[in-house]
Amino acid sequence: MKTIYFTLIALFVFQTRIFAQTESKPSITWSGYLETYYVYDFNRPTNHERPSFMYNHNRHNEFNLNLGFIKGTYIAANTRANLALMAGTYAQYNLASEPSLLQHVFEANVGVKLSNKQNLWLDAGIMPSHIGFESAISKDCWTLTRSILAENSPYYESGAKITYINADNRWTLSALALNGWQRIKRPDGNQTLALGTQVQFKPNEKTTLNWSTFIGNDKPSSQKQERYFSNLYGIFQLSSTLGLIAGFDYGLEQKAVASSEYNTWYSPVAILKYTANTKWSGAVRWEYYQDKNGVIIATNTPNGFQTTGYSLNIDYKISDQVLWRVEGKYLESKDAIFSKEGKAVNNNFSLNTSMAIAI
């Protein structure tokens, strides 16, 4: 396995040297990220695994690594590329269905500029998802843990993307052809590409509005059930100390092959962040996720997944590179979908802390 990783890095460096012969003033930069964490789940799971719909910070009563990666970035006038290899419980759980080698690929893509006059790019490979305001990089998110809607929509995608950014950087427009819903390896028997779009508008420095979509089938073609998904959010800097994120996800999937009836799910979320000074900040989150028919989160209970969540986190910025965070998180469901000491219960409370460094 180590030999394969070193080979990938060597190929990446060799390819950038080839590009450097044809492009003016190319640059190669290296960066890294490392986040360790400890979570105490008061339901005390005996196998140390937290609820199955969580893919980050999901080991109870353990000091562990959520995500660590090393990334190389190549940039030239008309070419760009990224390669990042990772480890951690995020990779272990969120990419469990991918081939073993690809489970450690955080990002691997190459892009070419399609116009000398316009900011128009074509990128292909394994890329961060075009959906949502949260990523697996906790340091970049307002809360320590991810929202339920982020954990259960794509963090990554594999395919090709065309992106246009206008001259004043206010509008970003993207169209994508994808292997599926958070897929590197397409499901066996699936011969159809999925499609995605993204429209982002920044009318000023204090406001970001985003609408992303996904259309596709994530099952074998003989069992095709078309899925339609919309992700809408806004990020607002209300004052020098107060910021707000408001988001809403809505999805539909055919109940059966060629059916005109659909199962639906949706999730609203709101996060309010207060920045006291350059060192201290905090955020509160309210969220709700409803998936009665178990399209995304199956519970095998009468009312399906209907869960409300609350969290409060306090962050301390040790330096420009290092962030320490503490968070309390409470989840309450309509049905008893959680387990505590062998009994089904309808709530879950956890205390979480993490230390992250980005270089």
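This tour moves through a predicted model, from a surface patch to ring pairs and then to charged contacts.

Because the model is predicted, local features need pLDDT of at least 70 and side-chain atom pairs count only at pLDDT 80 or more, while totals for chains, interfaces and linings use all residues. Residues are numbered from 1 along each chain as its sequence is written, and side-chain values use heavy atoms, with hydrogens and water left out.

**The nonpolar patch**

Begin by selecting Trp171, Leu173, Val199, Trp211 and Leu232, which form a nonpolar patch on the surface with about 450 Å² of accessible area together. Patches of this kind join nonpolar side chains (Val, Leu, Ile, Met, Phe, Trp, Tyr) within 5 Å, or like charges within 9 Å, from residues with over 30% relative accessible area and no salt bridge; accessible areas come from the Shrake-Rupley method with a 1.4 Å probe, and for residues only the protein chains shown count as cover. Centre next on Trp171, which is found in strand β7 (residues 171–178); strands (E, at least two residues) and helices (H or I, at least four) are DSSP runs, numbered from the N terminus. At 38% relative accessibility, Trp171 counts as partly exposed, the class between buried (under 20% relative accessible area) and exposed (over 50%), with a 1.4 Å probe and protein chains only.

**Ring pairs**

Turn now to the aromatic rings, where the count comes to 18 aromatic pairs; rings of Phe, Tyr and Trp (its six-membered ring) pair if their centres lie within 6.5 Å, with planes under 30 degrees apart counted as stacked, over 60 as edge-to-face and the rest as tilted. Select Trp181 and Phe229, an edge-to-face pair at 5.0 Å centre to centre with 85° between the planes. This pair links distant parts of the chain, 48 residues apart, with Trp181 in the loop between β7 and β8 (194–204) and Phe229 in strand β10 (residues 226–237). Both Trp181 and Phe229 are buried.

Then select Trp280 and Tyr316, whose ring centres are 4.7 Å apart and whose planes stand at 45°, so the pair is tilted. Here too distant parts of the chain are linked, since Trp280 belongs to strand β13 (residues 280–291) and Tyr316 to strand β14 (residues 305–317), 36 residues apart. Trp280 is partly exposed at 40% relative accessibility, and Tyr316 is partly exposed with a relative accessible area of 26%. A further selection, Phe53, Tyr289, Phe305 and Phe338, shows a cluster linked by ring pairs.

**Charges over rings, and salt bridges**

Return to Trp181 and add Arg227, which lies over the face of that ring at 4.9 Å from the ring centre; the criterion is NZ of Lys or CZ of Arg within 6 Å of the ring centre and within 35 degrees of the ring normal. Next show Arg80, which lies over the face of Trp121 at 4.0 Å from the ring centre.

Keep Arg80 in view and add Asp123, with which Arg80 forms a salt bridge, the closest N and O atoms being 2.7 Å apart; a salt bridge is a side-chain nitrogen of Lys or Arg within 4 Å of a carboxyl oxygen of Asp or Glu. Asp123 lies in strand β5 (residues 119–128) and Arg80 in strand β3 (residues 79–87), so the bridge ties together parts 43 residues apart in sequence. Asp123 is buried, with a relative accessible area of 6%, whereas Arg80 is partly exposed at 27%.

Finish with Arg146 and Glu134, whose side chains meet in a salt bridge (3.6 Å, N to O) and which are both buried. Extending the selection to Arg285, Glu287 and Glu327 brings up the network of salt bridges that links these residues with Glu134 and Arg146.
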